[in-house]
Amino acid sequence: LRGLARSLLPRAVIGKLRRVRYAETAAQQAVMTATRATSSGLGLARGTGPTLFGPLLRPRRAEVVESFDSWRVMDDLAAALGAALDSVEYVRLPRKTKLMPTLVIAAADGPAALKALRGQHATRTWWVAAEVDDLLRVPQPLTEPFGLTGDESALVFFRYLMAPNGELLGDERIGVRLELWPRTVGGRERRPDGGAWPPGTLLASSANRVTVGIEPGQWRESQSTEGNLLSGSEFPHVLDVSEPIDVVYTWVDGGDPDWQRRKRLAQGLDLNARLTDDALLSARFDSHDELRYSLRSIEMFANWVRHIWLVTDRQVPGWLRRDHPRLTVVDHRDIFSDPSALPVFNSHAIESQLHHIDGLTDKYLYLNDDVFFGRPVQPELFFFGNGIMRFFPSPAVIDQAPRQDDDLAVTSAAKRNRELIESTFSRTFTNKARHTAIPQSRTVLYEMEDRFSEIFDTVMRSRFRNPEDYSIPSSLAQYYAYATGRAVTAGIHYGYLNLAAPNADLRLKGWLRSRSHECFCLNDTGDGLGSARELTSFLEKYFPVPSAFEQG
């Protein structure tokens, strides 16, 4: 439908429709302003999802926080909820049954639970939203009267959290679930296997991957486990990722005079080298401080990352904390098989050596600094519990034409990747890979390096992008792992934006409101870069709280 609209409607009409979608018209702005002025205790806010007149409602006065880790916020809420339930018995389901932590009580205890929570000083800033038929109703302050109708399957408790600059950080999507499970009475309810549940069994009010019911004996046993964890679920689930996961970044500051001097010197040494048309494109080396915000996105949405490795060429961002225990700066000289190949100014060459980082976990994510996590993500988005990787093919198709002299570096490398897969496995592939957080396996990469040592050596020595390159970890390794049974294709809620695209500013505003992407990429292709000011403004609004990786 979107493609049909583009083909039938004038560009001006499409632009106006986009402004309506992102609540940028004068009428919508007037409605939002009026609502802010007249609403009692409620105002329109960003970050809670797009509607016809912009974002949903939230309180004018949210709690201001100096740091924000979505997973810790949810875990702390779960602990506080359990402590505040007082005499109401509850059971906590294993952590990853749902995105939010989940506690279970008997449906009949719902009113007593609400009364206990309202009586606690620690919950005075909490909000609550009832879930009915898998839909979340309008939230309200926990301090206000809230009656249960009996139709609720769960109550979601949360806090509205705001950064010092006024941007909303936490809402009903960063909370804890209190599920209300009905209790069986006379053996009338049947098990899935046909037998009868014992009287007093609590039956799940919504699907989870652990149980459909908690029998009285298991319920009593759970009351004595640590944190009231469901008895019998102490072991990690076989589908959960239990091994540590690291993150590797590559970063360059193209404005550094020393780096520019080394680049000019290298260009003089490689006068006869065959380069792709975009090999020397300055935009590929520009830094708009994206790394600062990408690191913030890890702290906000992926605190399970064990360690972060920042690979650079004798450069370090001035704002970075070098002494942070979870971050290590790695120089190219520390990872290149042959340091005499340095310096290089080709991401393909640098990427081919990343798996040599000493101390790197076997499973890790490779990110460029223009890739960000956009909402809470789990390691299972990228890996299975058995170690198999997920990868994310792009809808973009590699053309079937042979390699051409005027192919861009990404296209030329993709075609070479395809040729290698064809010659090795007598199979082909047609799609590029998404520019997102890319799952990696050192075991796979070392195996490839041993099997295709000449290719790795050639790419490593490719000082600037040229038609002989392969894009090894960002695409080739994914298809190789798939062909050898160690990766599968998967989906991801993903956004990609060329900053030079028409209406890029409107799309950025839409992303700010929806906050729906698990990962997104803001790519500078150098063909008419949009305003750097708009980019910085977007990043500061999306990731407004400094991370622990930044100097104070």
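Modeller: A disulfide is a pair of cysteine sulfur atoms within 2.5 Å. The model discussed here is predicted.

Colleague: How many disulfides does a search of the whole structure find?

Modeller: The sulfur of Cys519 has its closest cysteine sulfur in Cys521, 9.9 Å away, which is too far for a bond. Cys521 is likewise in no disulfide. Over the whole structure, the number of disulfides found is 0.

Colleague: Is Cys519 buried or exposed?

Modeller: A residue counts as buried under 20% relative accessible area. The value for Cys519 is 0%, so Cys519 is buried.

Colleague: How are helix 14 and helix 15 oriented to each other, roughly parallel or roughly antiparallel?

Modeller: The axes of helix 14 (residues 504-514) and helix 15 (residues 532-542) come within 10 Å and cross at roughly 5 degrees. Angles under 35 degrees count as roughly parallel. Helix 14 and helix 15 are therefore roughly parallel.

Colleague: Which residues of helix 15 make the contact with helix 14?

Modeller: By class, this contact has 5 nonpolar, no polar and 3 charged residues. Helix 14 contributes Asp505, Leu508, Trp511 and Leu512. From helix 15 come Glu534, Phe538, Lys541 and Tyr542.

Colleague: Which residue forms a salt bridge with Asp399, and is that partner buried or exposed?

Modeller: The side chain of Asp399 meets that of Lys415 in a salt bridge, 3.0 Å from N to O. Asp399 lies in the loop between strand 21 (393-397) and helix 10 (409-425) and Lys415 in helix 10, so the pair ties together parts 16 residues apart in sequence. Asp399 is partly exposed at 35% relative accessible area. At 1% relative accessibility, the partner that counts as buried is Lys415.

Definitions and conventions. Residues are numbered from 1 along each chain as its sequence is written. This is a predicted model: local features need pLDDT of at least 70, side-chain atom pairs count only at pLDDT 80 or more; totals for chains, interfaces and linings use all residues. Side-chain values use heavy atoms; hydrogens and water are left out. Axes are lines fitted to C-alpha atoms, for helices over the stretch in contact, and angles run from 0 to 180 degrees between N-to-C directions. Helices (H or I, at least four residues) and strands (E, at least two) are DSSP runs, numbered from the N terminus. Angles under 35 degrees count as roughly parallel, over 145 as roughly antiparallel, 65 to 115 as roughly perpendicular and the rest as oblique. Contact means heavy atoms within 4.5 Å. Ala, Val, Leu, Ile, Met, Phe, Trp, Tyr, Cys and Pro count as nonpolar, Asp, Glu, Lys and Arg as charged, and the others, Gly among them, as polar. Buried means under 20% relative accessible area, exposed over 50%, partly exposed in between (1.4 Å probe, protein chains only). A salt bridge is a side-chain nitrogen of Lys or Arg within 4 Å of a carboxyl oxygen of Asp or Glu.
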